[in-house]
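These notes are for a colleague opening this structure without having seen it before. They go through the points in turn, from a pocket to the whole chain and then to single residues.

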Amino acid sequence: MKRYITAAALVVLTLGSCTKLDVDVESQLTKGNFPVTPDAYLAATGPVYQKFNAGFGVDIWRMYELTSDEAIITARNGGYYDQGRYQTLHKHNWLPDHPIILSAWQWGYAGISDCNRVIDLFEKSADGPTKTQFLNEIRAMRALYYFYVMDMFGNVPITSFGTAESPKQSTRAEVFTYIEKELLAVAEGLSSPKTITTEFYGRPTKWMAYALLQKLYINAEHYIGKPMYAESIIYGDKIITGSSLALVSDYNTLFSPTNGPNNETIFAAIYDPNYSGGNAITRFTLHSTLRAKYNLPFSPSNAQCTLKEFYDTFNLPGDIRNATWLAGKQTLADGTTKIMNGSAQLDFTPEIVLTNTETMDVGPEVNGISRGVRSIKFYPDPNTNSGTRFQGNDMPIFRLADIYLLKAEALLRTGGSMTDAVGLVNKVRVRAKAGEITTITLDGILEERGRELAWEGWRRNDLIRFGKYQGTWGFKAGNEGASRDIFPIPATELVLNKNLKQNTGY
């Protein structure tokens, strides 16, 4: 069984709205409630990690992937239409009442609220190195939640603990500065294991804080109108030279059902199918007729797949990442026994042909429900919980391959060494058994990021940074306008908090 973080010592009230993000529960705390031992501190932090993990694997993943060219959910003979929520994400014509957008906002602020309460508890406990370490970890987690909220929604509130007043809205630049200051304040006080051991797997370390700073700085031109690529390089280098992290030899082990601590993953959302929820990639991706092939205890839903334009970039001879997709006629594990879909062999076609363009429906015919190439990157878990259909594959948030590619990108954007940039990209390509290159462009970096990080939850962030989020793909017309680079503040939050002003364009 994997190690996962649970809550045992802190009773919290989780609120999703922005009206009372933090409730003063000090009266419930006595001197005897304050944590003293490392185990007590760890137990008290449980809600922070549980909230992050539970939300990331479905709704947050959908916000970053279904709005990109990497993933799509079509209607299949009327199924999975769900009032058009997936179609609007694909076409970028969402409105402030979109339920997944609301869930993403609530996930972020519920997580921030948990962080604020835990920080308040820890600040009142006895001073010592254990207290300092765990305070730093939860401040880093709070910065991570704020990063996602700022990235998705732009101008958002910075909240505090112990007040019932509606928080005021901050500008994106103010939130950027807050995240930056918090990370700089705690980074050097975080644990710095040479690699991420079981003890710190899924918890913030110095390398996690550096990775988040690298990500923050490389997007700074978009966030605050100020290029900070040089700073991004600095924090990438701190990881590369200061740690003993290295690319693992077998790419596929990073995403397997038994994945866990390794030399490459810096921070991950941790899943155990019997104790935590959130990773439902197999449930929503595979066709029901694949149940026997992967020995699954449930029938998958056949909802999401990738787009032909994206799948076509997996075109490098020998690249092991090509095998993370199921395309064409399908057989059982023996490679010969046909998997039948009615009277025809199951055939995943890269082309997605619609019978109804308004609802993005592929129609009722046998071949229609097998439209679209399917991902098995997060390999189907035979120990998936049959009731919840959540699987045990942890989902990397930061890993070293991303650090290499971000540094290579920043070098190109600052006129740095082409040799160094190519060397970093080649580290990733060599591990993937793809051919080495001698030169690289920014478009080439984006394409390599797509191949390496597919379905890991960074595509929207990347496309916006590269100025391609308003492009044309699938059934999206393109040129939706820069306002679509951020999501609308949910309509219910505007009612609950009169201090909030809707984002431009909504």
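1. Pocket volume. The largest pocket holds about 250 Å³ of space. The model is a predicted one, and the values below are computed from it.

2. Pocket lining. Which residues lie nearest the centre of the largest pocket? They are Gly 154, Asn 155, Ile 486, Asn 503 and Thr 504, out of 14 residues that line the pocket. By class, the lining residues comprise 8 polar, 3 nonpolar and 3 charged.

3. Secondary structure. The chain contains 16 helices and 10 strands. Several of these elements return below as the setting of single residues.

4. Overall dimensions. The C-alpha trace of the chain extends about 70 × 50 × 45 Å along its principal axes. The radius of gyration of the chain is 22 Å, which agrees with the value near 23 Å for a compact globule of 506 residues.

5. Burial and contacts. Of the chain's 506 residues, 59% count as buried. Among contacts in the chain with a separation of 6 or more, 72% are between residues 24 or more positions apart.

6. Surface. The exposed area of the chain is about 18,500 Å². Carbon and sulfur atoms supply 51% of that area.

7. Gly 444. This glycine belongs to helix α14, which covers residues 442-453. Is Gly 444 buried or exposed? Its relative accessible area is 17%, and the limit for buried is under 20%, so Gly 444 counts as buried. Between the C-alpha atoms of Gly 444 and Ile 270 the separation is 31 Å, with their positions 174 residues apart along the chain.

8. Asp 82. The loop between β1 (72-73) and α3 (85-91) contains Asp 82. Its phi is near 45 degrees, a positive value in a residue other than glycine. With a relative accessibility of 30%, Asp 82 is classed as partly exposed, since that class lies between the 20% and 50% limits.

9. Gln 83. The loop between β1 and α3 also holds Gln 83. Although Gln 83 is not a glycine, its phi is positive, at about 60 degrees. Its relative accessible area is 68%, and Gln 83 is therefore exposed, the cut-off for that class being over 50%.

10. Phe 122. Helix α4, residues 99-123, includes Phe 122. The relative accessible area of Phe 122 is 0%, so this residue is buried. Which residues does Phe 122 contact, leaving aside its neighbours within four places in sequence? They are Pro 35, Tyr 41, Ala 44, Thr 45, Lys 131, Phe 134, Leu 135 and Ile 138. For Phe 122 and Val 36, which are 86 residues apart along the chain, the C-alpha atoms are separated by 9.6 Å.

11. Ala 209. This alanine is part of helix α7, made up of residues 206-218. Its relative accessibility is 0%, so Ala 209 counts as buried. Setting aside neighbours within four places in sequence, Ala 209 makes contact with Leu 183, Ala 187 and Leu 190. The distance from the C-alpha atom of Ala 209 to that of Ala 408 is 19 Å, and the two residues are 199 residues apart along the chain.

12. Thr 253. Where is Thr 253 found? Its place is the loop between α9 (229-242) and β2 (265-269). A relative accessible area of 39% makes Thr 253 partly exposed. Not counting residues up to four places away in sequence, Thr 253 touches Val 248 and Asn 259. Thr 253 and Ile 397 lie 144 residues apart in sequence, and C-alpha to C-alpha they are 15 Å apart in space.

How values were computed:
Residues are numbered from 1 along each chain as its sequence is written. This is a predicted model: local features need pLDDT of at least 70, side-chain atom pairs count only at pLDDT 80 or more; totals for chains, interfaces and linings use all residues. Side-chain values use heavy atoms; hydrogens and water are left out. On a 1 Å grid over the protein atoms alone, a cavity is a set of points where a 1.4 Å probe fits but cannot get out, and a pocket is an open set with protein on both sides within 12 Å along at least five of seven lines; lining residues have an atom within 4 Å of a point. Grid points are joined across faces, edges and corners, and a volume is the space filled by probe spheres set on the points. Ala, Val, Leu, Ile, Met, Phe, Trp, Tyr, Cys and Pro count as nonpolar, Asp, Glu, Lys and Arg as charged, and the others, Gly among them, as polar. Helices (H or I, at least four residues) and strands (E, at least two) are DSSP runs, numbered from the N terminus. The radius of gyration is taken over C-alpha atoms; the globule rule is 2.2 Å times the number of residues to the power 0.38. Buried means under 20% relative accessible area, exposed over 50%, partly exposed in between (1.4 Å probe, protein chains only). Contact means heavy atoms within 4.5 Å. Accessible areas come from the Shrake-Rupley method with a 1.4 Å probe; for residues, only the protein chains shown count as cover.
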